[in-house]
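Biologist: Got a minute to walk me through this one? I'd like the overall picture before the details.

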Amino acid sequence: MAATDRELKAAIAATRFGLGARPGEIAEASRDPQGWLKAQIRREGGDLPVSGGETAAQRIADLREFQQQKRMERPAVAATGTGQASPEQRDPVKLAQKLLRDDTQVDFLSRVQLATATPAGFRERWTLFWTNHFTVAAKNLQTATVVGPYEAEAIRPHVFGRFIQLLGAVETHPAMMIYLDQVQSVGPNSLLAQRAGQVRRGVGARLQPVVQRNLGLNENLAREIMELHTVGVNGGYSQADVTEFARAMTGFSIGGFRGPDEQAGVPVFRDLAHEPGQRLVMGVRYDQRGKDQAAAILSDLAEKPQTARFVCTKLARHFVADDPPPALVARLERAWKGSDGDLSKVAEALIEAPEAWAPQPAKFKTPYEFIVSSYRAAGGQPQAFGQVGPILTALGQKPFDPGSPKGWSEDADAWAAPDGIVKRMQFAQGFAAQAVQGRDPKALAADALGARLTPATATAIARSESRPEGFALLLMSPEFQRR
Amino acid sequence: MTAHSPSPKGHSRRGVLAAAGAFGLSLQFVATQSFAAAEGGLETKKFVFVICRGGMDGLNVAAPVGDPDYAALRGPIALQGEALKLDATFALNPALSATYALAKAGEARIVPAVATPDRARSHFEAQDVLESGANQVYGASSGWLNRTVDSLARVRKVSALSVGPTAPLVLRGKAPYASWSPGKVVDGSARLPTLLQDLYKNDALLGPALARGLATEAMAQEAMTSVAQMSPAQAAVTPAAMTQTSPMQPAGMAGQAYQRQGQEAARKLGLSLAGFMREAGGPQIAAVSLDGFDTHANEGAAQGQLATRLAYLDAVLDGLHQGLGPEWKNTVVVVATEFGRTARVNGTGGTDHGTASTALLLGGALKPGGIVGDWPGLKPSALFENRDLAPTLDMRGLFKGLLHDHLGVDRAALDTTVFPDSAAAKPVTGLV
């Protein structure tokens, strides 16, 4: 490989495959750009952010305890001291809510800190792709407290394993089951539903308020598994398939929902809630009993060629272009099928694909990618949630909350709206003023973009009238905004 | 990160506008009143499209409380006497109090059984069809409001605005549009905007986007000033207030406080958008997205998840109505969603993805009248696939009628380019 070609490839490796170059990173990658990327693939999966360390089950149990105590409506214990105390200090309920929200902010900050500091940017980008593919959005306090643990427990360990392992871990994780309403789904002909019916008709009036409410099927998770996680919306399933799959999924839930003596928040399979009988999904009959039935359907979905096509297309779209080259998709599909869905083999195929190394960057950075790569270009790390949370919300990418199970958009058109560009510029102005710290923006530009730096941007930075202005120009340059 | 103090009026904003002018785009915002046409002309007409994402449950928005099957299908989430009665059959969710007042004044109507041509019950596919205006998914990569602007631009000056930090598909496409969301004021004294416009001069994506963003930001300052003049209570929207509208919020007393703040922020959003639209040369067409309507569990009736979302919607609409003032008589607002929800309550106190839903029409330009389109009823035999409210009207026909009668969009363009291959979807006429 000629030196100049290798330098361009190193810049592409760090910015397109990775999360943006930290000072010195492109130089390191330039010895062997593809080898540098492949060395980031590892069986044990993605890195774990350094956070509070609580599990999803603990978070769910904490929240339930908080809600129960709140319901008891004990008069607030007056805190010592008055006057100066904030509402949180005076009111224990508010204090507990604040603590729960703080957990989520710590989770998010530690995830950004990992992304800004890791020397293995490709590994983290690969991981983030899967968190977005299997979105759990922080749509309320309960989901917000479990998104961080969900990523750590269900996604990060499996991103270089087989797809079926990742799929199984995700769909039975408490966070996903809460987010897409699986925890409450009960087979209409299950023993649990029948007993509830008897109680309602009988004299067990005291139990009535507990068991009567909302006892039946919810098809939300089953539909999104098919539409968003596996075969895709054109994957050849019908409404009847969704409903049948939802019936098979009944029984998967978490402790603390409709069951005594269970540890709150722990995933459980409840035979009593499972819809009995065989199921017909996408032309295949499933006569397994209990949890094996849904497991067999999930396994079949994972192995379908539509799933390989759908997920590989999304990978190519994320890494290379909004409208990805068909040859690249085909290459990834071959790696998928040839390895039984081994995601490390798919990652290797992506790194080896010539289509992934086109000199022109086709992807416009999402706000998260822009903010993370700005910190990486400065060689810094955010120290507080307030440094990254509000700006991401303003740019349309609210922390942990894509707003729907489809996850964040991959389309440049969605992110390059006029308002978004102006707000990026405002961020760049403020960030550059704080982050440049006496350094030469020309050197920062060479470090951040390497051979991708264009003469026009280099000239504009050289002519800038201040260091912050030069650094802001780098962050807002067309080549830094893309990858 | 940093607090940009608003720069002194005049010099700096002129600098920004002059820089934006290099792209020939700022004119649409700084056009003087001399461009405005005679009172009541097509040039004064305004159109706002509000997208409620997630599949809004029409049967609990404008509930058919007089339909004999409604209460049984809906069980615990059926609206009852507390609903706001429109006629013998329909009543609005109590969360829609401002909308109800407009309906009583003949300035709001319901379209109770409307749907896009899509039947897949996928949010994302259905939203694409709703916004692209195509007769099937992946039928178009631009939005029908963008193609409306494109069509109108051939005959008169027209501009469009999307509210929010990202651009919805309905406004994406080759015709230029502005976008805006509440935020900091641009520091116009810095050189960066001008330097960047130079750096972006050959960039087809970033160049026009930055120019339009700067022009809109300059206009936002004007609009905020006029909003503030209308009423001291209607101050500028703050980012902090806006983040409260999103649903990361606890229940109980604190939840109610959040909800009130969210409603106030939503109202300010409506007021701010109205302020833009009242500016000389301001947008005549605007799109707003609200999310959170995917009520699979614990949907509630007069109170609960759906009602909370509807209260936000009502506040945006109220803000628009108040803020537009005398321009309300020239305005039509359409509220629509990608699909309705199952007619029956599901096993978890919510509803699953369905087919037809309710659209709301509001505006002083509307003719008074009853429901728009037919009501299919909720008898088991009348339900679509024994599951969903059956559509009696193609959403595109509704849009086409309004775009033609209100904005003067060419009939042939509506049938072919704005809504491709849609001649079969007849325009609903006589609404304005």
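**Two chains, step by step**

Modeller: Buried residues make up 60% of the 432 residues in chain B. Keep in mind that this is a predicted model.

Biologist: What secondary structure does chain B have?

Modeller: Chain B has 13 helices and 11 strands.

Biologist: And what share of its contacts between residues at least 6 apart join residues at least 24 apart?

Modeller: In chain B that share is 73%.

Biologist: How are the strands of the eight-stranded sheet ordered?

Modeller: The order is β7-β6-β8-β1-β9-β10-β5-β11 in chain B. The sheet is open, and its pairing is mixed.

Biologist: Which strands stand at the edges?

Modeller: β7 (178–180) and β11 (393–394) of chain B. Each has a single partner strand, so one side of each lacks a neighbour in the sheet.

Biologist: Does anything pack on that sheet, and if so, what does it touch?

Modeller: Helix α4 (residues 97–104) of chain B packs there, touching β5 (108–115) and β10 (357–362) of chain B. The direction of α4(B) makes about 110° with that of β5(B).

Biologist: Let's stay with α4(B). At what angle does it pack with α11(B)?

Modeller: About 50°, with the axes 7 Å apart. Helix α11 of chain B covers residues 305–324. The two helices are therefore oblique to each other.

Biologist: Which residues meet there?

Modeller: From α4(B), Ser97(B), Ala98(B), Thr99(B) and Leu102(B). They meet Asp314(B), Leu317(B), Asp318(B) and His321(B) in α11(B).

Biologist: Back to the sheet. Is strand β8 of chain B largely enclosed or left open?

Modeller: Largely enclosed by the rest of the structure, because five of its six residues (285–290) are buried. A residue counts as buried when 20 or more other C-beta atoms lie within 10 Å of its own.

Biologist: How many bridges join β1(B) to β8(B)?

Modeller: Six, and the two strands run parallel. Strand β1 of chain B spans residues 46–52. Within that pairing, Phe49(B) has Ala287(B) as its bridge partner.

Biologist: And how many bridges join β6(B) to β8(B)?

Modeller: Four, again with the strands parallel. Strand β6 of chain B is residues 160–163. Ser162(B) stands opposite Ala287(B), and Val163(B) stands opposite Val288(B). So Ala287(B) is a partner for Phe49(B) and faces Ser162(B) as well.

Biologist: What about the three-stranded sheet? What is its order?

Modeller: β2-β4-β3 of chain B, an open sheet with antiparallel pairing. β2 (62–63) and β3 (84–85) are at the edges. Each has a single partner strand, so one side of each has no neighbour in the sheet.

Biologist: How many bridges pair β3(B) with β4(B)?

Modeller: Two, in the antiparallel sense; strand β4 of chain B is residues 91–92. Lys85(B) stands opposite Ala91(B) there.

Biologist: Now chain A. How many helices and strands?

Modeller: 26 helices and four strands. Of its 483 residues, 53% count as buried.

Biologist: What is its radius of gyration?

Modeller: 25 Å. A compact globule of 483 residues would have a value near 23 Å, so chain A agrees with that. Along the principal axes, its C-alpha atoms fill a box of roughly 85 × 70 × 35 Å.

Biologist: Where do the axes of α13(A) and α14(A) stand relative to each other?

Modeller: Helix α13 (residues 220–229) and helix α14 (residues 239–249) of chain A have axes that come within 8 Å and cross at roughly 120°. That makes α13(A) oblique to α14(A). The crossing is right-handed.

Biologist: Which residues meet?

Modeller: Leu221(A), Ala222(A), Arg223(A) and Met226(A) in α13(A). Opposite them in α14(A) are Val242(A), Phe245(A), Ala246(A) and Met249(A).

Biologist: Which residues of α18(A) are buried?

Modeller: Leu343(A), Val346(A), Ala347(A), Ala349(A), Leu350(A) and Ile351(A), in a helix covering residues 343–352. They pack against several helices of chain A, including α7 (121–133) and α16 (305–319).

Biologist: Last one. Where does Gln288(A) lie?

Modeller: In the loop between β4 (284–286) and α15 (291–303) of chain A. Gln288(A) is partly exposed, with 14 other C-beta atoms within 10 Å. Its C-alpha atom is 9.5 Å from that of Ala248(A), 40 residues away along the chain. Not counting residues up to four places away in sequence, Gln288(A) touches Gln293(A) and Ala296(A).

Note on methods
Residues are numbered from 1 along each chain as its sequence is written. Chains are lettered from A and ligands numbered from 1 in the order in which they are written. This is a predicted model: local features need pLDDT of at least 70, side-chain atom pairs count only at pLDDT 80 or more; totals for chains, interfaces and linings use all residues. The radius of gyration is taken over C-alpha atoms; the globule rule is 2.2 Å times the number of residues to the power 0.38. A residue is buried if 20 or more other C-beta atoms lie within 10 Å of its own, exposed if 12 or fewer, and partly exposed in between; C-beta atoms are placed from the backbone. Two strands pair if DSSP finds at least two bridges between them. Two residues are in contact if their C-beta atoms, placed from the backbone, lie within 7 Å. Axes are lines fitted to C-alpha atoms, for helices over the stretch in contact, and angles run from 0 to 180 degrees between N-to-C directions. Angles under 35 degrees count as roughly parallel, over 145 as roughly antiparallel, 65 to 115 as roughly perpendicular and the rest as oblique. A crossing is left-handed if the near helix is turned anticlockwise from the far one by less than a right angle, and right-handed if clockwise.
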